[in-house]
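Reader: Hi! I'm new to reading protein structures, and I'd love a close look at one part of this one. Could you walk me through the aromatic rings and how they sit together, with a little of the surroundings too?

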Amino acid sequence: MSISSDEVNFLVYRYLQESGNHISQSNINGALVPPAALISIIQKGLQYVEAEVSINEDGTLFDGRPIESLSLIDAVMPDVVQTRQQAYRDKLAQQQQQQQQQQQQAAGSGTGPQGSTKNGEPAANGEENGSHALANHHSEMMEVDRDVEIPQSKAMVLRGHESEVFICAWNPVNDLLASGSGDSTARIWNLIENSTGGSTQLVLRHCIREGGQDVPSNKDVTSLDWNSEGTLLATGSYDGFARIWTKDGNLASTLGQHKGPIFALKWNKKGNFILSAGVDKTTIIWDAHTGENEVNAIKWDPTGSLLASCSDDMTLKIWSMKQDLCVHDLQAHSKEIYTIKWSPTGPGTNNPSANLMLASASFDSTVRLWDVERGVCIHTLTRHQEPVYSVAFSPDGRHLASGSFDKCVHIWNTQTGALVHSYRGTGGIFEVCWNATGDKVGASASDGSVSSSRGLRLSLLHSIVSDCRPLCSCRSACWT
């Protein structure tokens, strides 16, 4: 069982975020609640989940042995019991297959199995036995075939980290090894041959800005990756920041956009972009030179043959799976393009006779409709007064809904570009969507007055879109 303060804090934060509750006063007598009550009940819950994983429904021990302990985050994952048990079954099957192969090889050569123990029983070569032997090396050294054993003179143990080391990566050009640890540092180890016989290390301390000063973040370094030229190292941390370092250990830039820990990041082959993934359920593409999260949205067209992307550089690019270079590089917006949506029209859709269109929503307060085949803007929709965060086509593609931080939901005719109807809410609009039959629009607002569960009924739309045919339902805001 493993519980860290970060995990507990995150789950409490997630609960408050999801419930919208902020406790200012309570009728509970705090004097009656014992210290560490939350940790105590969490520990009991974690032990219960471990028991579920380790015990069958009839009360017998799962596959004759207990399962390894879980962390708090592991325990709250969906289907953790079935997933862990199936993973262990697969592992056992693999080990049994390896043992059978070894026995068959031994029978064919007339010799006993390699790696037998003092009692004459064959030792499994599975990962778990190896880990067990390493963990108990102080009591009994693992027996290794002398023909394959690496002598101590050929191995080097690098010491310097003050906590667990989670990840390491070789520089693709030089013998530099980067490592990331729970001590909130990454380190670059110089292992170039013919050096002084030891290793030098550069300590990359991960700090955050507090009170005008840089202080240690005290968060795990969870991921790291070298660019293809071996000149820059990117690191991701539990503090939610990605960082770029030179191979000399100097901090080049700090990338802060995630709202939670970063668990993975990767350079592209050219070394000009970094992709990061976080626990906030987002992936961000960063411009490695400017430090900006340049690409804001990537969308496939209805047939899956075209890909569109929009960016902070005010461009909209359309790509085809049939060629490497983009088909169109569309430039018309004067500020960042926040999102894009394909129309449900064109060949292969429920509306094959209508032309395929693409809508783009920008911080310049406009929405643009694009003819994808010609690569030209056919309509500029200009009635919003604030940044536009969402657009959605009706199921037949005849109308477009747009939502802006000016609190307005506008309905447009996609053929003429005319504003058909408008609704003004009480908060900035973050998302709009159509129901499956195309006679209602849902919207979510910043003040919570319009929620994704209840939606926003625009009865005046019934007369203008009564002939809509069903195509799809909404994802972020739904009608009941």
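**A close look at the ring pairs**

Author: Happy to! Over residues 221–245, the chain is 68% strand and 0% helix, with the end C-alpha atoms 13 Å apart. Please keep in mind that this is a predicted model. That span is one of those that UniProt, in an unreviewed entry, lists as "repeat: WD". Another from the same record is 158–191, where strand makes up 53%, helix 0%, and the end C-alpha atoms lie 10 Å apart.

Let's pause on a residue inside 221–245. Gly240 sits in the loop between β8 (232–237) and β9 (241–246). Is Gly240 buried or exposed? Its relative accessibility is 3%, and buried means under 20%, so Gly240 counts as buried. Leaving aside neighbours within four places in sequence, Gly240 is in contact with Leu255, His258, Gly260, Pro261 and Ile262.

Stepping back for a moment, the chain has 27 strands and five helices. Of its 480 residues, 38% are buried. Among the contacts with a separation of 6 or more, 42% are between residues 24 or more positions apart.

Now to the rings you asked about. The chain holds seven aromatic pairs. One of them joins Tyr338 and Phe363: the ring centres are 5.6 Å apart and the planes meet at 20°, and planes under 30 degrees apart count as stacked, so this pair is stacked. Where do the two partners lie along the chain? Tyr338 belongs to strand β18, while Phe363 is in the loop between β19 (357–362) and β20 (367–371), so the pair links distant parts of the chain, 25 residues apart. Both partners are partly exposed, with a relative accessible area of 36% for Tyr338 and 25% for Phe363.

A second pair is made by Phe405 and Phe430. Here the centres are 5.7 Å apart and the planes are at 40°, so the pair is tilted. Phe405 is in the loop between β23 (399–404) and β24 (408–413), and Phe430 is in strand β26 (residues 429–434), so this pair ties together parts that are 25 residues apart in sequence. Phe405 is partly exposed, at 37% relative accessible area, and Phe430 is partly exposed at 37% as well.

How do these rings fit into one picture? Ring pairs link Tyr338, Phe363, Tyr389, Phe405 and Phe430 into a cluster.

The strand that holds Tyr338 also leads us to the nonpolar core. β18 (337–342), β15 (306–311) and β16 (315–320) each supply at least two residues of the largest nonpolar core. That core has 14 residues, and Leu316, Ile318, Ile340, Trp342, Leu358 and Val372 touch the most other members. Take Val372 for a closer view: not counting residues up to four places away in sequence, Val372 touches Leu306, Ile318, His328, Trp342, Leu356, Met357 and Leu358.

As for the outside, the chain exposes about 28100 Å², and carbon and sulfur atoms supply 50% of that area. To find the rings in the view, start from Tyr338 in strand β18 and look for Phe363 in its loop.

Notes
Residues numbered from 1 in each chain as written. Predicted model: local features only at pLDDT ≥ 70, side-chain atom pairs only at ≥ 80, totals over all residues. Heavy atoms only, no water. UniProt positions renumbered as here; feature names shortened; annotations may be inferred. Helix = DSSP H or I, 4+ residues; strand = E, 2+ residues; numbered from the N terminus. Core = buried A, V, L, I, M, F, W, Y, C linked by side-chain atoms within 4.5 Å. Buried < 20%, exposed > 50% of the residue type's maximum accessible area, 1.4 Å probe, protein only. Contact = heavy atoms within 4.5 Å. Phe/Tyr/Trp six-rings, centres within 6.5 Å; stacked < 30°, edge-to-face > 60°. Areas by Shrake-Rupley, 256 points an atom, 1.4 Å probe, with all protein chains shown as cover.
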